[in-house]
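Trainee: I've got a new model open and I'm not sure how to read it. Could you walk me through a few features?

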Amino acid sequence: MNPLVRARAILVDPAAAWGAIEKDVGDPVYLLSRYVAVLALIPTLSSFVGAALIGVVAPSGAVMRADLIDALLGATFSYAASCIIALLLALIIDLLGPLFGGRRNFENAFKLAVYSLTPLWLAGIFLLLPGLHFLLLTGAYGIYLVFVGAPRFIKIPQQQATNFTVVIAVCAGALLYAAALAQRMLFG
C-alpha cells in the first residue's frame, strides 16, 4: 500500500476508498508502521522546519526562531503523540461504538481512526509558515470521513451516525488539544 495514493483516494472519493479499505488487512501494527508512520512525518517535519529554521516575524521586525534542541524534542514528541492519538482514538471508537448501536471490532475502529486523521496529517504542511497555521482547519474534513465510514466499519445505524460522529470529533479534538498543550508546556 502506497500511503500517499491511499491518502489521495480517501480525500478525493471517500465512499470508494472506504470500500477498498474495508477489504484491506486490518492489522494495526501494519497500518501504524506503513501509513501512520509516514503521514505523521508531514506535520512533524513541517513544524520543526517552521519553528527552528523559518521562524516567526515579531512585531519589532526581528525573526524569532525556536532553539534547535527544543524544536527537535518538540518534533519528536509530536511524532510520538500522533501515533498515540491514532491508537487512543481507535480505542475510543471501539468502546463507544456499541453505545450507538454499532459493533466492537478494534481492527475496523483503527482503520476508521487512522484514515479519518489523514486530512489533519496532510494539513500539517501548513505548519511551515506561521501565517498559514489557520489552514490546519482543513483537517476537519476528517469529521466527514468518520461520518461516512462509521456505518461501514463500526456498523453504526445511519440514524445514529451523526451523533456518533459528533462524539468522536469531540474526543479527537480533546486528544489533539491535550497533546498540543503537553508539547507547549514541555518544549515551549
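Mentor: Sure. Keep in mind that this is a predicted model. Let's begin where a helix stops: helix 4 is followed by Gly 55, which has a positive phi near 85°.

Trainee: And which residues of helix 4 are buried?

Mentor: Those are Pro 43, Thr 44, Ser 46, Phe 48, Gly 50 and Ala 52. Their cover includes helix 3, helix 5 and helix 6.

Trainee: Helix 3 is on that list. How do I describe two helices packed together?

Mentor: In general, you give the angle between the two axes and the distance between them. Here, the axes of helix 3 (residues 28–39) and helix 4 (residues 41–54) come within 4 Å and cross at roughly 25°. Angles under 35 degrees count as roughly parallel, so helix 3 and helix 4 are roughly parallel to each other.

Trainee: Which residues meet there?

Mentor: From helix 3 you have Ala 37, Val 38 and Leu 39, and they meet Leu 41, Ile 42 and Pro 43 of helix 4. Sorted by class, that contact has six nonpolar residues, with no polar and no charged ones.

Trainee: What do the buried residues of helix 3 pack against?

Mentor: They pack against helix 1, helix 4, helix 5 and helix 6. The buried ones in helix 3 are Pro 28, Leu 31, Tyr 35, Val 36, Ala 37 and Leu 39.

Trainee: How many residues does the largest nonpolar core have?

Mentor: It has 38, and the residues with the most contacts inside it are Ile 10, Trp 18, Tyr 35, Leu 89, Ile 93, Trp 121 and Phe 164. Among the elements giving two or more residues to this core are helix 1 (3–12), helix 2 (14–23), helix 5 (68–96) and helix 8 (158–187).

Trainee: Let's pick one of those. What is Trp 121 in contact with?

Mentor: Setting aside neighbours within four places in sequence, Trp 121 contacts Tyr 35, Val 36, Leu 39, Ala 40, Ile 42, Pro 43, Ser 82, Ala 86 and Val 114.

Trainee: Now Thr 118. Is that residue buried or exposed?

Mentor: Buried means under 20% relative accessible area. Thr 118 has 0% relative accessibility, so it counts as buried. Thr 118 sits in helix 6, and a polar atom of its side chain lies 3.1 Å from the backbone oxygen of Tyr 115.

Trainee: And what does Thr 118 touch farther along the sequence?

Mentor: Not counting residues up to four places away, Thr 118 touches Ala 7, Ile 10, Tyr 35 and Leu 39. You've met Tyr 35 and Leu 39 already: both are buried residues of helix 3, and both are in contact with Trp 121.

Note on methods: Residues are numbered from 1 along each chain as its sequence is written. This is a predicted model: local features need pLDDT of at least 70, side-chain atom pairs count only at pLDDT 80 or more; totals for chains, interfaces and linings use all residues. Side-chain values use heavy atoms; hydrogens and water are left out. Axes are lines fitted to C-alpha atoms, for helices over the stretch in contact, and angles run from 0 to 180 degrees between N-to-C directions. Angles under 35 degrees count as roughly parallel, over 145 as roughly antiparallel, 65 to 115 as roughly perpendicular and the rest as oblique. Contact means heavy atoms within 4.5 Å. Ala, Val, Leu, Ile, Met, Phe, Trp, Tyr, Cys and Pro count as nonpolar, Asp, Glu, Lys and Arg as charged, and the others, Gly among them, as polar. A nonpolar core is a set of buried Ala, Val, Leu, Ile, Met, Phe, Trp, Tyr and Cys residues joined through side-chain atoms within 4.5 Å. Buried means under 20% relative accessible area, exposed over 50%, partly exposed in between (1.4 Å probe, protein chains only). A polar contact is a pair of N or O atoms within 3.5 Å; within protein, one must be able to donate a hydrogen and the other to accept it, and residues adjacent in sequence count only if both atoms are side-chain atoms.
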